[in-house]
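Reader: Could you take me closely through one part of this model, namely how its helices pack against one another and which residues lie around its ligands?

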Amino acid sequence: MKLLVTGGAGFIGSNFVERRLEVHPEDHIVVLDKLTYAGRRENLEGAASDRLEFVQGDIRDRTAVSAAITGCDAVINFAAESHVDRSIETPGEFIETDVFGTYVLLDAAREAGIRHLQISTDEVYGDFSGTEGSATESSPLDPSSPYSASKAGGDLLVGAFARTYGSDALIVRASNNYGARQHPEKLIPLCILNALAGDQLPVYGDGKQVRNWLNVQDFCAAIDVVLECGATGEAYNVGGPDELENIEVVKRIIELAGGDESRIDFIEDRPGHDLRYSLSSARLEALGWKAEIGFHEGIESTFAWYRDNPQWWEPIRSGEYRDYYLSHYGQELGAGSDR
Ligand code: NAD
Ligand code: TYD
């Protein structure tokens, strides 16, 4: 196959491209990525370069999308503004990329007559703290943040294109991913890097919020299954094997770094913070997928990856992220380091 992978220079996209080219030696991939603060060309250095074409461009730009899609058999749309906290500060960018950009891609895929696989999130179902249960694909969409509302907007367009135009469009909705090359704005890499630097670890509210952690390699395997076997117009949940409170995750990272719990700073909670996400992956498991990497194994290898790859994160910590970090968390959290 020849795939158009948008957002392929980000965290999950780059892991997908690297794995896909390894597992499918006949495949070719075109990556279309704007290279925002979250995307880096270096993230694709480990991918088979003879079967990879990189195009810097914006999914909202129909001309760039039409050029990149030529000759492709399917589009996988990872491109998005992806951080909840930033969406609270600058919601407009999220609506532009996650809603309008998705529309542009759907329209181009419709014209080309090819499959569009939308990468979405458990956050579109909203808070599941009022129940012991898990979201299924028929649970109502009830997003809380500008990020999740924008992703839900993209998902609704996918359904509308499938029903109205007969587009071969479908969705995967994943729970919180973690692994190599995740931007340090997200909880796990942020805490690993702060722990390694001897800085404080910021925990929102009481830290009792629950997330369903999915190793990025398991998610990439799930995307392959849905691309190949998923039904047009459907959504497929991809949940991780472990539900953990944030405080449990943070304590485990401190343990791996050899610190103590005085490193934790409980800080002001995120507005509109969803207390629990939980996904049922039964529909996808019926297609043969199963998560293989438990959190306790996955967090050790993720911690080791960050510890062993400072050349990856040092430029990020001293760049745009430094300004974001200081304005979001304030000086005191970074006082002990070179941040
Ligand atoms: P990321 O922020 O690491 O990467 C996003 C990529 O998209 C970057 O390379 C960026 O340059 C690119 N991009 C942003 N706007 C663009 C635009 N207008 N045109 C072209 N490229 C653009 O995000 P991620 O964590 O890898 O997430 C990838 C996808 O998976 C997103 O759609 C996200 O909503 C979804 N998702 C993420 C998680 C998670 O835990 N990280 C969980 C579920 C779903
Ligand atoms: P995050 O990695 O931003 O993912 P999401 O908001 O998409 O779930 O956050 C994961 C959880 O960790 C979430 O409940 C918010 C919390 N969190 C903190 O407690 N402190 C932080 O500094 C960050 C970034 C997140």
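Author: What follows takes the helix pairs in turn and then moves to the two ligands.

The model is a predicted one, and the description below should be read with that in mind. Two packed helices are described by the angle between their axes and by the distance between those axes. For helix α1, which spans residues 11-23, and helix α7, which spans residues 216-229, the packing angle is about 65° and the axes lie 9 Å apart. Since angles from 65 to 115 degrees count as roughly perpendicular, α1 and α7 are therefore roughly perpendicular to each other. Their crossing is right-handed. On the α1 side the contact is made by Phe-11, Ile-12, Asn-15, Phe-16, Arg-19 and Arg-20, while α7 contributes Val-216, Gln-217, Phe-219, Cys-220, Ala-221, Ile-223, Asp-224 and Leu-227. Sorted by class, the residues of this contact comprise 9 nonpolar, 2 polar and 3 charged.

A second pair is formed by helix α6, residues 187-197, and helix α8, residues 246-257, whose axes come within 9 Å and cross at roughly 35°. The crossing of α6 and α8 is right-handed. Here Leu-187, Ile-188, Cys-191, Ile-192 and Ala-195 of α6 meet Asn-246, Val-249, Val-250, Ile-253 and Ala-257 of α8. The contact of α6 with α8 holds 9 nonpolar residues and 1 polar residue, with no charged residues.

The third pair consists of helix α10, residues 295-308, and helix α11, residues 310-317, which pack at an angle of about 70° with their axes 6 Å apart. By the criterion already applied to α1 and α7, α10 and α11 are therefore roughly perpendicular to each other. From α10, the residues Trp-305, Tyr-306, Arg-307 and Asp-308 meet Pro-310, Gln-311, Trp-312 and Trp-313 of α11. By class, this contact of α10 with α11 divides into 5 nonpolar, 1 polar and 2 charged residues.

Turning to the ligands, 29 residues surround ligand 1, and the closest are Ile-12, Asp-33, Ser-82, Tyr-147 and Lys-151. Ile-12 has already appeared as one of the α1 residues in the contact with α7. Backbone atoms also approach this ligand: a backbone N or O atom of Gly-10 lies 3.0 Å from an oxygen atom of ligand 1, a polar backbone atom of Thr-36 is 3.0 Å from an oxygen atom of ligand 1, and a backbone N or O atom of Asn-177 lies 2.9 Å from an oxygen atom of ligand 1.

Around ligand 2 there are 18 residues, of which Glu-123, Arg-211, Arg-270, His-273 and Tyr-329 come nearest. For Arg-270, a polar side-chain atom lies 2.5 Å from an oxygen atom of ligand 2. A polar side-chain atom of Asn-176 lies 2.9 Å from an oxygen atom of ligand 2, and a side-chain N or O atom of Asn-246 is 2.8 Å from an oxygen atom of ligand 2. Asn-246 links the two topics, being among the α8 residues that meet α6 and having this side-chain approach to ligand 2.

Methods:
Residues are numbered from 1 along each chain as its sequence is written. Chains are lettered from A and ligands numbered from 1 in the order in which they are written. This is a predicted model: local features need pLDDT of at least 70, side-chain atom pairs count only at pLDDT 80 or more; totals for chains, interfaces and linings use all residues. Side-chain values use heavy atoms; hydrogens and water are left out. Axes are lines fitted to C-alpha atoms, for helices over the stretch in contact, and angles run from 0 to 180 degrees between N-to-C directions. Helices (H or I, at least four residues) and strands (E, at least two) are DSSP runs, numbered from the N terminus. Angles under 35 degrees count as roughly parallel, over 145 as roughly antiparallel, 65 to 115 as roughly perpendicular and the rest as oblique. A crossing is left-handed if the near helix is turned anticlockwise from the far one by less than a right angle, and right-handed if clockwise. Contact means heavy atoms within 4.5 Å. Ala, Val, Leu, Ile, Met, Phe, Trp, Tyr, Cys and Pro count as nonpolar, Asp, Glu, Lys and Arg as charged, and the others, Gly among them, as polar. A residue is near a molecule or strand if one of its heavy atoms lies within 4 Å of it. A polar contact is a pair of N or O atoms within 3.5 Å; within protein, one must be able to donate a hydrogen and the other to accept it, and residues adjacent in sequence count only if both atoms are side-chain atoms.
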